[in-house]
Amino acid sequence: MKIVLHITMLFFATVLSAQSFVITNVTLFDGETVTENTSVLIEDGEITKISEEISTTATIIDGTGKFLMPAMTNGHVHAWSPQSLKEAAQAGVLNVLDMHGIETMQGMMKQLSDSTNYARYFVAGAAATVPGGHGTQYGFPTPTLTKTEEATKFVEDRLKAGANYLKIIVEPWKETLSHETVKALIDAAHEKQSVAVVHISKADDAKKVMANGADGLVHLWWDTLLTSSELNEWKKNSNAFIMPTLLTSKLFLENIRPTAPKESMLSDEDLLLQVKNVYEAGIPLLAGTDPPNAGINYGTDLYKELDLLSKAGIPNLEVLKTATSLPPKHFKLGTFGMIREGYKADLLLLGKNPILDIQNIASIETIWKEGKVVAQTK
Ligand SMILES: [Zn+2]
């Protein structure tokens, strides 16, 4: 008996020490700011100390010449299988936010959230839409609503099914919810301390849902440019974010432009310009790519979104925030997305600095989820 006990204790000791390590002399982007030559201590899956000098018996990983940043979040996906969550994790994307799907399947996939090799899975459940509206065309049963009075029950049903936030669809190319019902849904979500985000495609709808208290938009509008004074006005009354899904918009518009009337659609250049205007108005930007739409993958295609945000003229440090600290903060996900004491040790160690060139995001050498290695190339 005694021997068994000793072996068990040894085993636990090994597991625990494997989770404790210190990354030294590294350039740290903590989700908000950059510190040169610092060290980060990780114990039991959490960040426990950040300091120039750390005295510890934990394993040392020399970070000299390397760049440490929080693992990323993709704020807009539709994940249909565990493989999608694996693909995300392998690219350093450790949280994905599903924006519309089958609730029973989402419930099953959520159980993978604690596994090291899978991205954590947060869901909207089924998005709010009308019968025959956008979101009902994918061949799976989708609950719908038409009237303002149905809003509270709709939101309660989503939360009961395990939704982490509410997604609402306003898509006038088909039948769609009235702005009155959208407002009732947003209010019902807020009543339950839940975040409510909205799919829009037109600037006019964007303005209306923002005025009605939405917490964020999960696409940029495609039809017209809003002026800086309109955006400034908007910022004055709201802390809501915009997730422009530039890669999706670009690929989608490339497809439909040949047959659509020119005046109803922004050019690629104008999309980037509008995102820059949004940034300059002080409206928070979040990164999301909407896979598998337009053939986009769940992992490395998020780097392309960051590249587009950089091309739009947003400083690279701010671009990194869109995929690290900002999504967990705006969706109230918990202690993710930052390298601060008490946060989960979801970390990316890179060979090159992405603030110097955003494409260096592809130089990830090690990915840790809660202090455990997900992938390592060096
Ligand atoms: Zn979507």
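## Close-up views of a predicted model

**View 1. Proline P327 in helix α12.** P327 is found in helix α12, which covers residues 326-330. The model shown in this and the other views is predicted. P327 has a relative accessible area of 0% and is therefore buried, the limit for that label being under 20%. Leaving aside residues up to four places away in sequence, P327 touches T73, L286, K321 and T322. A362 serves as a distance marker for this view: P327 and A362 are 35 residues apart in sequence, and their C-alpha atoms lie 20 Å apart in space.

**View 2. The zinc ion and its donors.** Three residues coordinate the zinc ion: H76 through NE2, H78 through NE2 and D290 through OD. The distances run from 2.0 to 2.3 Å. Along the chain, the donors follow the spacing H-x1-H-x211-D. H76 has a relative accessibility of 1%, so H76 counts as buried. For H78 the relative accessibility is 10%, so H78 counts as buried.

**View 3. The sheet of β6, β7 and β8.** This open sheet has three strands in the order β6-β7-β8, and their pairing is parallel. Its edge strands are β6 (residues 72-77) and β8 (residues 120-123), each of which pairs on one side only. On average, neighbouring strands of the sheet are turned by 20° against each other, with direction ignored. Strand β7, made of residues 93-98, pairs with β8 in the parallel sense over four bridges. V96 stands opposite Y121 in β8. In a regular strand, side chains alternate between the two faces of the sheet.

**View 4. Helix α10 on the sheet.** Helix α10 is made of residues 301-311. α10 lies across β6 and β7. The angle at which α10 runs to β6 is about 95°. Strand β6, at residues 72-77, is one of the edge strands of the sheet.

**View 5. The pair of helices α10 and α11.** Two packed helices are described by the angle between their axes and the distance between the axes. For α10 (residues 301-311) and α11 (residues 316-323), the axes come within 9 Å and cross at roughly 140°. The crossing in which α10 passes α11 is right-handed. On the α10 side, the contact is made by L302, L306, L309 and S310. These residues meet N316, V319, T322 and A323 in α11. By type, the residues of this contact divide into five nonpolar, three polar and no charged. T322 of α11 also appears among the residues that P327 touches.

**View 6. Strand β14 and its partners.** Strand β14 covers residues 364-369 and is mostly covered, with six of its six residues buried. Strand β13, at residues 347-350, runs antiparallel to β14 and is joined to β14 by four bridges. Across this pairing, L350 has I364 in β14 as its bridge partner. Strand β15, at residues 372-376, also pairs with β14, in the antiparallel sense and over four bridges. Here the bridge partner of T366 is Q376 in β15.

**View 7. The turn of the β14 and β15 hairpin.** The hairpin of β14 and β15 has two residues between the strands. In this hairpin, E370 takes a positive phi near 45°. The strands that the hairpin links are β14 (residues 364-369) and β15 (residues 372-376).

Methods. Residues numbered from 1 in each chain as written. Predicted model: local features only at pLDDT ≥ 70, side-chain atom pairs only at ≥ 80, totals over all residues. Heavy atoms only, no water. Donors = N, O, S within 2.8 Å, 3.2 Å for Na, K, Ca; no water. Buried < 20%, exposed > 50% of the residue type's maximum accessible area, 1.4 Å probe, protein only. Axes fitted to C-alpha atoms, helices over the stretch in contact; angles between N-to-C directions. Left-handed = near helix turned anticlockwise from the far one by under 90°. Contact = heavy atoms within 4.5 Å. Nonpolar A, V, L, I, M, F, W, Y, C, P; charged D, E, K, R; others polar. Pairing = 2+ DSSP bridges.
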